[in-house]
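Open the model in your viewer and keep the selection panel at hand. Each stop below says what to select and what is there.

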Amino acid sequence: MSLTNERIQQRLTEKFGDVLTGFEEPFGLLTLTAQKDYNLKVMQFLFDDEELRFRFLTDITAVHYPDRKNEELAVVYHLHNLQDNIRLRLKVFTPVAKPDVFTATQLYASANWMERETYDFYGINFVGHPNLIRVLNVDEMTYFPMRKEFPLEDSMRIDKDDEMFGRGGNL
């Protein structure tokens, strides 16, 4: 019997109940949200379960939602079951004031670099990470460049012509 999104959702719901929410399938990719203190427990179950076998971490990233009170930052994990060739997206939300999420480095060795990159750009503090330092930005940087905390462009610039960008003028 081939593993399906419905079966994965059923197994996760049996194990974790209300801890997991937001089940959906955009473009056939099972996506779910876990309470942030359960990220590692859910991934450990997905890894260890002999039916589920999500033993490959494809990617970790984050998204900044500045309008979501107390859950401004989302950490997004993409997991892959290579035997059944099925993928899953797990999201956990955390407040920007205390962006602490448990590290997955003990479960997936590849999480080491991905978590460092996510820290570097979004400021997610991966609790228990063996070496959480900036890897792509300079150490002197006091901000996290992928957060939506700054305007996209300087409205005072005079060295650009809005007509060249399809804005203003007689189009």
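Select Thr58, which sits in strand β3; strands are DSSP E runs of at least two residues and helices are H or I runs of at least four, both numbered from the N terminus. This is a predicted model, where local features need pLDDT of at least 70 and side-chain atom pairs pLDDT 80 or more, while totals for chains, interfaces and linings use all residues. Residues count from 1 along each chain as its sequence is written, and side-chain values use heavy atoms, without hydrogens or water.

Is Thr58 buried or exposed? Neither: Thr58 is partly exposed, because its relative accessible area is 34% (buried is under 20%, exposed over 50%, partly exposed in between; 1.4 Å probe, protein chains only). Show its contacts (heavy atoms within 4.5 Å). Leaving out residues up to four places away in sequence, Thr58 touches His78, Leu79, His80, Arg87 and Met114. Now add Glu117: its C-alpha atom is 14 Å from that of Thr58, with the two positions 59 residues apart along the chain.

Go next to His80, in strand β4. With a relative accessibility of 5%, His80 counts as buried. Look for its polar contacts (N or O pairs within 3.5 Å; within protein, one atom must be able to donate a hydrogen and the other to accept it, and residues adjacent in sequence count only if both atoms are side-chain atoms). The His80 side chain reaches that of Asn85 at 2.9 Å and that of Arg87 at 3.4 Å.

Select helix α1, residues 5-16. Its 12 residues should span 16 Å at 1.5 Å a residue, and the end C-alpha atoms are 16 Å apart, so the two agree (the expected span is 1.5 Å times one less than the number of residues). Colour Asn5, Ile8, Arg11, Leu12 and Phe16: these are the buried residues of α1. They cover an arc of only 130° around the axis, so they lie on the same side of α1 (the arc uses directions from the helix axis to the C-beta atoms). On the other side, Glu6 and Glu14 are exposed. The cover over the buried residues includes β1, β2, α2 and β5. Just after the helix comes Gly17, with a positive phi near 60°.

Finish in the largest nonpolar core, which has 35 residues (buried Ala, Val, Leu, Ile, Met, Phe, Trp, Tyr and Cys joined through side-chain atoms within 4.5 Å). Ile8, Leu12, Tyr77 and Leu88 touch the most other members.
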